[in-house]
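I'm opening a fresh notebook page for this one. My plan is to look up a few things and jot down what turns up.

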Amino acid sequence: MTRGPTGLLAGLLASRLGLTISIVDAKPGPLDLGRADALNARTQQYLEVVGILDELLPQGLKCNTSSTFADGDFKSRQSHWWTSLEHCEHPNFLMIGQPVVEELLVQRLDAPVHYNESAVTVSEDKTGVTIATDRGRTIRSKFALAADGARSTVRQLLGIGFTGTKPEMVWAVLDTFIDTDFPVCSEIITFQLDGQSRVSWIPRERGMARFYILLEGEITQERAEDSIRMHMSPHRVDFVKTEWFSTFDVKERIASTFVSQNGNGRILLAGDAAHVHSVNGGQGLNTGLADTFALSWRVAAAVKDRNLAPGAAEALIQSYDIERRTVAQGVIDVAAALVRDTVRTAKQYVGTIERNAGYITGMGVSYDGTGSRLIVESERGIWKAGKRCPDVLLTPRGARDARRLYSMVPYGRHLVLRIGSEQGCRCCFKDVATHYTLARPDAAALVAANNHAAAQPGPSPWVFESDMVGPEDSFVVVVRPDMYIGFVGEGDAWKDYLGLVFQH
């Protein structure tokens, strides 16, 4: 069940990993206007691994600066929480409309989307899920993903709680083309008037502008435009063509579980069906896509892999619930702080952004400390279990040009990175893991790595030069398919980590 990019990406990834899919959407057709407006740095990394980022980049607008404007002048410009990001190719928002993302995902799917169709009943047993739709169809599957929005039919049918708070705030949102003498720039601008920050201007693709406006009393497009003019004064602004006007009331809610039967079932929640919050910080679409990126490899392994360790299928699905529900609560807390700061000064609002930049960029989201069984607390230098895998530069042996790690890896396989002089068997877990050797960029280190590679049975592992390798480094890093580090250690301990899920 889907209502947008979260479910569509899940379908695309599942299909690529060899699963048969059926996508049902209650909407009459693809989204053509409005909704989400930005992909953060972490989401861009995900979509590069998926192989679709290159098609989105030319259609979007890069933005990494937040500004404040008051009393007819800019008061501040901030971008350091973007520019200070390390091992990140795209340290910026990509401003692009949700319809563009949806269209590309639909084009890449090899299965149809069944629009105008909704679930009527949902049931599950020990072997699968049965869904009856209002079109008279019955769908039987091993697992089912409910990404059907904040009013999720599936979540309600399952009786999963969806609790939280609802601040008394209703926002207007306007996608429009304007004619103005305001100094137009590709910056997110927060406007302050009378000590409050009730208007934000988000630059968009195609020269479009998105405005978020917090109003008191009746909310109309005319009143929203009047408020924008007041906040942009003394500059002139005329609204040439408005593509979309809507309102939304702020809700902050999270599902009591993201997996049916209190974490033991086969029906999974993602996106707005699992968590909702204000739009402040641009985290909604990004968090939903991150849910999917975290989930799809787990489901594929649980369904297809015949070499799973005992109890591993349940552990995979339960770890999704533990990790993503923890992150979702953090996202809700950040968005809640931001939306409440809109009735304070722009300086306070931007300060809250800075304190929570890890969530807004997506690059600080991590799973260490969540209690997940798939994170073994360990670290060496820049490699720490539970954190995102750095997008390091690697130079293949015999080549001159370096490549970024994220541009090389396919979705769905673990990575075993041998750092420095660490050696050992490269053929273990070869069906589920790709082995890379990262050596110091000096002749002796490369000769040793290449000689060891040549001596191994089976396909030769890839050997790379990397400036990230120190002279004393000798350890192994296991990176999960969602590009988070699961384990860092020495010797053969990495086998024990993969043995949590796969039989050796």
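Before I start on strand partners, a note to self: two strands pair if DSSP finds at least two bridges between them. I also keep in mind that this is a predicted model.

**Entry 1: confidence.** I checked the scores before anything else. The protein chain has an average pLDDT of 91, and 95% of the residues reach at least 70. Then I went looking for a weak spot: residues 455-460 stay under 50 in pLDDT. For that stretch I find six contacts beyond four places in sequence.

**Entry 2: the sheet with S25 and S28.** I traced an open sheet of seven strands, and the order reads S24-S23-S27-S26-S25-S28-S29. Its pairing is mixed. Which strands sit at the edges? I get strand S24 (403-404) and strand S29 (485-489), each pairing on one side only.

Next I zoomed in on one pair. Strand S25 (residues 414-420) and strand S28 (residues 474-479) run antiparallel, joined by six bridges. I picked Leu-415 and looked across: Val-479 in S28 stands opposite.

**Entry 3: the sheet with S13 and S17.** Here I found an open sheet of seven strands, ordered S5-S4-S14-S15-S16-S13-S17, again with mixed pairing. The edges are strand S5 (73-78) and strand S17 (237-249), and each of them pairs on one side only. I looked up the twist too: on average, neighbouring strands of this sheet are turned by 25 degrees against each other, ignoring direction.

I followed the edge strand S17 inward. It pairs with strand S13 (residues 170-180) in the antiparallel sense, over 11 bridges. As a sample, I noted that Asp-179 has Asp-238 in S17 as its bridge partner.

What lies across this sheet's strands S4, S5, S14 and S15? I see helix H11 (residues 346-355) there, crossing strand S4 (66-70), S5, strand S14 (188-193) and strand S15 (196-203). Against S14, helix H11 runs at about 145 degrees.

**Entry 4: Ser-152.** I wanted one residue to look at by itself. Ser-152 is in the loop between strand S11 (144-146) and helix H6 (153-158). Is Ser-152 buried or exposed? I put it down as buried, because its relative accessible area is 0%, and the cut-off for buried is under 20%.

Then I checked its surroundings. Leaving out residues up to four places away in sequence, Ser-152 touches Ala-146 and Ala-273. A polar atom of the Ser-152 side chain lies 3.0 Å from the backbone nitrogen of Arg-155.

How values were computed. Residues numbered from 1 in each chain as written. Predicted model: local features only at pLDDT ≥ 70, side-chain atom pairs only at ≥ 80, totals over all residues. Heavy atoms only, no water. Helix = DSSP H or I, 4+ residues; strand = E, 2+ residues; numbered from the N terminus. Buried < 20%, exposed > 50% of the residue type's maximum accessible area, 1.4 Å probe, protein only. Polar contact = N/O pair within 3.5 Å; in protein donor to acceptor, adjacent residues only side chain to side chain. Contact = heavy atoms within 4.5 Å. Axes fitted to C-alpha atoms, helices over the stretch in contact; angles between N-to-C directions. pLDDT = per-residue confidence, 0-100.
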